[in-house]
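Dear colleague,

I am handing over the structure we spoke about, and I would be glad if you could look through it alongside the notes in this email.

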Amino acid sequence: MTYQLITIHQHFEWVSLVQRSLQHDFYHTWHYHSLDMEGEPLLFVYEEQDVFIAIPLLKREIEGTHLYDLTSAYGYTGPISNRNPDDLEDKAIANFKSSFLDFMKTARCVCAFCRLKPFLRQERLLENFGGIYPNGQTVVIDLKLSIEEQRLNYDRRLARKIRQLRTLDFEIRETEEDSDIKAFAAMYLQNMRRNGASERYLHQEPYFRKLLNTLEGNCKLIMVYYNHKPICGHIITYDKYFIRNHLSATHNSYVSQSPGKLIIDEISLFAREKGIRYYHLGGGLNGQADSLFQFKAAFSNLVLDDKTWCFIADPLQYQALANERSNDHQSSYFPRYRNSK
């Protein structure tokens, strides 16, 4: 019963382990974690005989203490394995838990958080810990349907709007041009500031260049152009089975025209060409059934439960930190002691 910690400095080991997993996501990759400055990236790996269970995390110092907590990079991470979770023996999962708890104790980590990927049955690997909570719902387009069936599932107004957009002089294509990355970065900051996003999400142009410059995972920029001018873009990530909208932006002058509706329909065609089965659009802000969720739900009636893992390894220390640092005792923010007063 052994475990190891693969750090961000061990590129080959991280890449090899993730590639050995039965299913994984761009969010599990070394490249994606190498861009995150929020904490120290590490890949926890429990291995016995020919089976492994691994989970990528960011280790963060809790300011003013000698303690740490664990969180995930933005997006859907959670544990991965080289076996189907439903085929793993209970003993292997129990040993994984025991090893992870030992790691948390040794590393003085109070708690751990990650968002779970709806398709991977990750709950099976974490249910013995507890701390799995619902986080609203997430929208998926089933690309196994014919394109005609897919579009029949669109909301009527959405379908009409896409048909209208296709009559206009828009061009949509994948791009790696420096000027397009620069334009996307500017649009993205416009959008984030308009929506009052926190500092964590205000990515600058160098971040997008690094994000797209990957040999390890599939990450592409798709842009919409009008009169040769970029007006809308989506950064997508994908693997063998799934494609996902990672980040999106629309120029302020074209928001009312909704080119984002057209680009989603177009990306579904891109995914079909690659044999991808599911297009994951995501959910609402903080798991809410808000206007963002309603926008996505207009594309598909396939809706899955979204879940998070909020595990407290040291309840006494967690509660002491929460009482000391947060006045909002009703907040669902996790960990509560990182919620501003």
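What follows is a short account of a helix contact, the aromatic pairs and two charges placed over rings.

Please keep in mind throughout that this is a predicted model.

On the helices, H6 (residues 156-166) and H9 (residues 259-273) have axes that come within 9 Å of each other and cross at roughly 90°, which means that H6 counts as roughly perpendicular to H9. On the side of H6 the contact is made by Leu 158, Lys 161, Ile 162, Leu 165 and Arg 166, while H9 contributes Pro 259, Lys 261, Leu 262, Asp 265, Glu 266 and Leu 269. Sorted by character, the residues of this contact between H6 and H9 comprise six nonpolar and five charged, with no polar ones.

Turning to the rings, a search of the whole structure gives 33 aromatic pairs. One of them joins Tyr 27 and Tyr 32 in an edge-to-face arrangement, with 5.2 Å from centre to centre and 65° between the planes. Tyr 27 has a relative accessible area of 1% and therefore counts as buried, the cut-off being under 20%, and Tyr 32, with a relative accessible area of 3%, is likewise buried. Elsewhere, ring pairs link Tyr 3, Phe 44, Phe 96, Phe 100, Phe 103, Phe 129, Trp 309 and Phe 311 into a cluster.

Finally, two tyrosine rings have a charged residue over them: Lys 59 lies over the face of Tyr 68, at 4.4 Å from the ring centre, and Arg 115 places its charged end over the ring of Tyr 76, 4.4 Å from the centre of that ring.

With kind regards

Terms used: Residues numbered from 1 in each chain as written. Predicted model: local features only at pLDDT ≥ 70, side-chain atom pairs only at ≥ 80, totals over all residues. Heavy atoms only, no water. Axes fitted to C-alpha atoms, helices over the stretch in contact; angles between N-to-C directions. Helix = DSSP H or I, 4+ residues; strand = E, 2+ residues; numbered from the N terminus. Parallel < 35°, antiparallel > 145°, perpendicular 65-115°, else oblique. Contact = heavy atoms within 4.5 Å. Nonpolar A, V, L, I, M, F, W, Y, C, P; charged D, E, K, R; others polar. Phe/Tyr/Trp six-rings, centres within 6.5 Å; stacked < 30°, edge-to-face > 60°. Buried < 20%, exposed > 50% of the residue type's maximum accessible area, 1.4 Å probe, protein only. Lys NZ or Arg CZ within 6 Å of the ring centre and 35° of its normal.
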